[in-house]
Amino acid sequence: MARKARRFGGVAAIATAFCLGLGAAAFAQDGAAPENAPPPASDDQATPAPATPAEGQSEEEGEPDPETGQTREAPREAAPRDPQAAAEPGKAVPEYLDVLKGEQAMPEPVRKTWEALHEAALSGDIERLRPLIEAQDPAPAFGFDNVGDPIEYLKSLSGDPEGREMLAIMLEILESDFLYVDRDSPNAMYLWPYFARYPLDRLSPQQMVQLFTLITAGDWQDIQSYGAYIFFRLGISPDGRWHFFLAGD
């Protein structure tokens, strides 16, 4: 597993970062009698019976306003807050909640591309990626700058001259759980692994175990220092086009 920590550090160093209160209060009306209240009734006048709420109107709805004659609106309780929003005020809830698993969660074009990449990674021959790369227009991104020949570039990142380490990393990424992000936009993407968009401070112990199938403890320290997942990720758009396989943020 040390192989990942060594290679990961080099990839992260050249990556260019470009990423990525709630409150409520109840309102109470002043129930004090108005200053210009009418004088008390004389002995010759009958004392009127206390006013009662109209039929269908509860006492909680308030009394009629003496000036307008309209019923005052009763105070309302604040709506309960979302527990996650309360824990982290101001933090939007993105699509990371909908973690997807397995080929059955992919549309057909995405599944076909995923299968082709998975088969190439399993073959042990990195040249099997070349026709898949050339079939994309434009070609997938493997870095934030021009990397030249993508196969030779992947070999240069690998701990072995044949590039099999990079095929193993690609295989692990493809077999991880994933997300469908930026939905209903031109940038909609199926993204592996889901950690690429998941807040690090919300990872459960079970999710940490999943993460450590992709990275080492040394990688995790680098990720914590950076503040975001910066290991390899892979993206396929809903039409089946392979967009990227790269590290960084």
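## A walk through the model

Start with the whole protein on screen: it exposes about 15,100 Å², and carbon and sulfur atoms supply 52% of that. Keep in mind that this is a predicted model. Of the 249 residues in the protein, 34% are buried.

Now switch to a cartoon view. You should find eight helices and four strands. Trace them from the N terminus and the order reads α-α-α-α-α-α-β-β-α-α-β-β.

**Stop 1: His 118.** Select helix H3, residues 108-123, and pick out His 118 in it. Is this residue buried or exposed? His 118 has a relative accessible area of 15%, and because the cut-off for buried is under 20%, His 118 counts as buried. Show its surroundings next: leaving aside residues up to four places away in sequence, His 118 touches Leu 171, Leu 174 and Glu 175.

**Stop 2: Leu 154.** Move along to helix H5, residues 150-157, where Leu 154 is found. Leu 154 is buried too, with a relative accessibility of 2%. Which residues does Leu 154 touch, if you skip those up to four places away in sequence? Select Ile 126, Leu 129, Phe 142, Met 166 and Phe 245, and you have them. Try the distance tool on one of these partners: Phe 142 is twelve residues from Leu 154 in sequence, and their C-alpha atoms are 8.0 Å apart.

**Stop 3: the aromatic rings.** The whole structure holds eight aromatic pairs. Zoom in on one of them, Phe 178 with Tyr 190: the ring centres are 6.3 Å apart and the planes sit at 55°, a tilted pair. Phe 178 lies in the loop between helix H6 (164-174) and strand S1 (179-181), while Tyr 190 is in strand S2 (residues 189-192), so the pair ties together parts that are twelve residues apart in sequence. Both Phe 178 and Tyr 190 are buried. Now add Tyr 180 and Trp 192 to your selection: together with Phe 178 and Tyr 190, they form one aromatic cluster.

**Stop 4: helix H8.** Finish by selecting residues 217-226, which make up H8, and colour its buried residues: Asp 219, Trp 220 and Ile 223. Where do they sit around the helix? They cover an arc of only 100° around the axis, which puts them on the same side of H8. Turn to the face pointing away from that buried side, and you'll meet the exposed residues Gln 221 and Ser 225. Just after H8 comes Gly 227, with a positive phi of about 95°.

How values were computed: Residues are numbered from 1 along each chain as its sequence is written. This is a predicted model: local features need pLDDT of at least 70, side-chain atom pairs count only at pLDDT 80 or more; totals for chains, interfaces and linings use all residues. Side-chain values use heavy atoms; hydrogens and water are left out. Buried means under 20% relative accessible area, exposed over 50%, partly exposed in between (1.4 Å probe, protein chains only). Helices (H or I, at least four residues) and strands (E, at least two) are DSSP runs, numbered from the N terminus. The arc is that of the directions from the helix axis to the C-beta atoms. Accessible areas come from the Shrake-Rupley method with a 1.4 Å probe; for residues, only the protein chains shown count as cover. Contact means heavy atoms within 4.5 Å. Rings of Phe, Tyr and Trp (its six-membered ring) pair if their centres lie within 6.5 Å; planes under 30 degrees apart count as stacked, over 60 as edge-to-face and the rest as tilted.
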